[in-house]
Amino acid sequence: FLGTKVLGHVPWTIPLSWFYMGLAAYLIGTWIVYRMGTSSAVWGVLAGAWLLTAWDLVLDPAMAHESLRVKFWVWDEQGPYFGMPIKNFAGWVATGLVFMAISRWIWRSDAPLSLDRMRLPGIVFIANMIFAMVISASVGLWIPIVIAILVAGAPFALIRVEGRFPSERSGLSLSNDR
């Protein structure tokens with residue numbers, strides 16, 4: 001249903017959505033890590049992969065649900081998370097980590113982290129989470145919605161409240177010179 005497949009297996013829309021959601025998750029993850037009071041590139045990559053996987057927690061169960069009128073994909077084997085095999089999550093995490101680590105390596109520094117620059121990635125991430133939640137709700141999958149909200153929201157609970165947002169900084173230094 002998702003159209004022409006790359007190499008006969010993956011619909012072209014999947015790598016496209018991975019790119020924009022992966023980039024948004026990486027930028028938001030890096031921003032969260034910075035707001036936590038650290039500037040570790042490793043933590044930014046890990047936080048981005050965490051957020052990307054949170055999206056999968058609500059997206060994949062709905063996209064393969066048997067009562068959905070349009071079947072986006074079908075699992076060859078059943079798994080414990082609403083029919084999804086665990087290796088699917090391992091694939092999401094591994095692919096997310098590789099994508100974000102390569103992106104970070106290409107940039108050679110963290111992305112600009114001003115609050116105003118986080119608006120677009122935030123809108124992209126939230127819009128896609130809401131889209132997945134609407135599909136999940138349409139087939140009665142409420143638990144994945146709650147789980148995804150908790151998992152995606154968990155890193156935000158770690159943000160330092162004191163201090164100011166780095167709105168005047170063009171980028172993030174890798175040292176602790178705040």
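What pattern does the protein follow when read along the sequence? The answer is β-β-α-α-α-α-α, which adds up to five helices and two strands. Helices here are DSSP runs of H or I with at least four residues, strands are E runs of at least two, and both are numbered from the N terminus.

Some ground rules: this is a predicted model, where local features need pLDDT of at least 70 and side-chain atom pairs count only at pLDDT 80 or more, while totals for chains, interfaces and linings use all residues. Residues are numbered from 1 along each chain as its sequence is written, and side-chain values use heavy atoms, leaving out hydrogens and water.

Now let's look at how two helices meet.

| Helix | Residues | Contact residues |
|---|---|---|
| α1 | 13–35 | W18, F19, G22, L23, A25, Y26 and L27 |
| α3 | 86–107 | W92, T95, G96, F99, M100, R104 and W107 |

Contact means heavy atoms within 4.5 Å. The residues where α1 meets α3 split into 10 nonpolar, three polar and one charged. Nonpolar covers Ala, Val, Leu, Ile, Met, Phe, Trp, Tyr, Cys and Pro; charged covers Asp, Glu, Lys and Arg; the others, Gly among them, are polar.

Next, meet P144, which sits in helix α5 (residues 142–153). P144 counts as buried because its relative accessibility is 0%, and buried means under 20% relative accessible area (1.4 Å probe, protein chains only). Leaving out residues up to four places away in sequence, P144 touches L57, V58, P61, Y81 and F82. Its C-alpha atom lies 8.5 Å from that of L59, though the two are 85 residues apart along the chain. Across the protein, buried residues make up 43% of the 178 residues.

Note on methods:
Buried < 20%, exposed > 50% of the residue type's maximum accessible area, 1.4 Å probe, protein only. Axes fitted to C-alpha atoms, helices over the stretch in contact; angles between N-to-C directions.
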